[in-house]
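Here are my notes on the model, as numbered points. Please read them with the structure open.

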Amino acid sequence: MELFWILLFSIVHPYVQGQGVYAPANAQIVHSGAACNVKEDNISERIYTIKEGDTLVLQCIVKGHPRPQVRWTKTAGSASDKFQETSIYNETLRIEGIQRVQGGRYYCKADNGVGVAAIKSIRVDVQYLDTPVLTVHQTISDVRGSYYQEKTVFLRCTVNSNPPARFIWKRGTTPIEQNKDNGVDIYEPLYTQGETKVLKLKNLRPKDFSDYTCQVSVRNVCNIEDKSVTFRLTNATTPPALRLSVNETLVVDPGRDVTLTCEVTAGFPRPTVTWSRYPGSLPLSAQVRGGSLMLRAVTPADAGFYNCTAVNNVGNPARRNVNLVVRTMGNLTFQITPDSNKDSESIQMGRDLKLSCHVDATPQDKVNYTWYKNSAPVYNSESLILLRSDPEMAPGTSSLEIVDMKFRDLATYSCVANFPGSRAPELRVDVNISQNSVSPPVLMVPEGGQVVSVREGGSVELVCLVVEGKPRPPVLWSRSDKDLLMPSGKPVVETRDGRLRLTNVSRDMMGAYRCQTAPYNGLNIKRREAQVQLNVQYPPILDPVFQDVRSRNNLMVTLRCMVLRSNPPRLTNVRWFRNGEPVRMPPADLKETPELKFKLEPTNNGSYECRVSNNAGTSTCTFNVSARPYNAEFYFDTPNPIRIMKGNYSYNLQWTQRDPEATDRIIGYWVNVRKNKQNLLSKQIDLKGMEPVKGVLLSHTISDLRIPLSYEVRLAPVTTYSTGDYVSRIIQYSEPYTYSRPTDHICGFEDERICGFSQDRSDKFDWTRQNHLTQNPKRSANTGPETDRSGTKEGYYMYIEASRPRAPGDNARLLSPLFNVTSVRGPKGSGRVPYCVSFYYHMKGKHIGTLNVLLRVRSIASVDSVAWSMSGHQGPDWKKAAFDISPSGPFQARSTTAWPATGSSGSRHDGSSEGRGRRRRCWRSSSLKQPFQGVRNALKAGVDPTQLPLQHAETAPLEVLEFLIGGSATLHPLLLASWLTFALCCLLLLYR
């Protein structure tokens, strides 16, 4: 059972000012660019199919007043995908050369601050087909001889594609058919199903030595051509093998030239050799010649793992790796450790002493340390013990232990670090050991340096000095809060002289800093430490930084400047200025919130500043105070604003006034029409004593515009004392909808803009515009019209698919533009203008529901009322409905379909061949030129003008359709100059 409505309506009225036109945002995504196809999948999801490398163009058509702002976002794609930041805030999203990772769901969010933002989405499916890769793998079966013919060969063809590719195997030029050759087997590995096909040649035969082609196809989707790869299988086919000219770890001195050679020892066809490096890419100085890689004058930055790979698509690639190590050495440090068993912090005779030496080097384990005493080499003895690698110290540290120290052990000890056999320079450190040359350090913060203050943005030095001790170790700085890093981004910073220099200081650098002695280049004892507090001073933080204040003249205005934070917190001065000149007022109370009160007059409009100071500086609150009116708000949803007049066209410009009560009375508007930044028209629109009302439309017709040019229109409100800011928009010429007379409004779904109709944002799913030729091939069987009214398949209509995922309570609504009541008086005794609503409907089905026509009247609170209703099965033919409405204000049409909220009968079906459990509602379109000719004649003859031919369609059970309708004015003969097509149902709305 199916339900289809076809509705054509004509609205006849002079367009006058509306009211209450503020409306929440509504959005719809349409496409252009290089789309292969746009289809509907399971109703709720729109899929945009595009070829990789083409241009993606999505447009978010928005409605609502004020004009909504648009933002594009994306999900279901690569996290690294970033479309152009410049385009995500435009109504049109354009991506040049789209890539596969940019596929996914794109969302258009439209928001104008009225109600809830509108969000629509479309899924972009990027189609592509890579060149396939063919690899050959061999296995040797259990045979008596060693003949190659008795091997089994697997030809594996792999490809990346979307949609999944179809594979065709060929031997020579002849396709291979598995069922006609027992020696072959074609299958898909389970773990790569859909992307890989394997051709298995069982126990090779002489005829199996041939050229094999793997051809892949996506069936010409998006005009993507087939691709193929060919491999020649011979009895010499073997996988690659490599031999490396150097060891797997190669250690060299900096500055040397290095050559790495990979020799191909086996493989047919001839393997291709490539070099790579991890981490990073090959150095810029690297030269690759065949299997050789040459590096000129290597530096430590050239170190890393170099990989040589040989590929011929037979078997697995052959790989060899070389770890290139470039010798480096630096930062040689020493430590003096007194007898740790005695908790000593000084050198004492008769106790042990340990000297340690460490250098940062690569490779660390290849460093050789040599110790000298007064320039003479030191050897192991009872009193001197050498430790090549001290287990109590950091790895790579050498120590010299002096046992039971004697006077003879007082001397100068030297530690020399080098790489044996290397030309890398050695490093040396000397340590003088005497009773007077070694003493514990004393760390001190200079007087007054415990707390250091600095202005934000300035430079500062934190000082923590080692005033005593030999030798004096470096000072290490860190934040007292261990979770915070130093301004350099490191946890610890070393200073040789104990002075930490900070530049461009910010308030987040404020806090406590810890200084402590380093355990190296001095005595290795308990660290000495101290603390310095950094205090960052900054000017007051105020709110608001800027505020636009509007008011009527002769009213009191109050300006407040809030102090949010300040360091130091004590304020030193508060001053008010108007247009740069001081405002005379009593001295401000620095403990109270700065405030200025005055009576606004035409002479004291301007820029007001509140300058608040402390010892760190001055901040300012700025107020732009005026009685200037707010800007006008262009109305973009005017139905058919264009009229053609003697080769030119006119444009019905409409707008509302933002907060008209907030400033002086608006007496008119300046309107400028520009082309190429040159003024073509400048005039003032006189409101003639009428004061703008919030939400009420104002109109002005701009005439003598040349077809097909577009123009920039600028508009600014005018009061007695001032002129507001100009706002601008572009008006573009487009073919107007064909009306039977100048005051009629007729809609047809042949036009992609569907006459200003829009999807209701509060429904569950949307109507879709299509014709028979563009129907979803997955639709329910035996449903929907096969042709339009004239018997052709090109006519468009609006439809919904009511099967899954639709559920009870789901609905779809289509809203008409807002129509305004006319000023023409109604019949005698009535103050309202009556309108005749006429339409055709088709309701067929055992469990058919209800068709409602609703009238929504716009006022302070919009009201919906049922104007007409019909329930149940009405037979196989189209029926005519006609009734009068008398709206009290601007009104709107809304078409709503809904499933019953309760009961199981909504899914019942009579078992016909139309498809169980699947329902469709279609808003038909057809050629209505002849029907309207009949209406014109009927009107002249005084016959019921709603007698239009009916049209066949099928209906589905238990659905509700609600439609809100617009209005007309006076009655004139209908003059229809072109074909009009419309979905929904035939609707005619006339003033009686």
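1. Asp-339 is buried (under 20% relative accessible area, with exposed meaning over 50% and partly exposed in between; 1.4 Å probe, protein chains only). Asp-339 has no salt bridge (a side-chain nitrogen of Lys or Arg within 4 Å of a carboxyl oxygen of Asp or Glu). The nearest side chain of opposite charge is Arg-351, 5.2 Å away; Lys and Arg count as positive, Asp and Glu as negative, while His and the chain ends are not counted.

2. This is a predicted model, in which local features need pLDDT of at least 70 and side-chain atom pairs count only at pLDDT 80 or more, whereas totals for chains, interfaces and linings use all residues. Residues are numbered from 1 along each chain as its sequence is written, and side-chain values use heavy atoms, with hydrogens and water left out.

3. Asp-339 sits in the loop that links strand E28 (328-338) to strand E29 (353-362). Strands (E, at least two residues) and helices (H or I, at least four) are DSSP runs numbered from the N terminus. Neighbours within four places in sequence aside, Asp-339 is in contact (heavy atoms within 4.5 Å) with Ser-344, Arg-351 and Asp-352.

4. Where is Met-444 placed? Met-444 belongs to strand E36 (residues 439-444). Met-444 counts as partly exposed because its relative accessibility is 42%.

5. For the chain overall, there are one helix and 74 strands. Of its 992 residues, 49% count as buried. Among contacts with a separation of 6 or more, 72% come from residues 24 or more positions apart.
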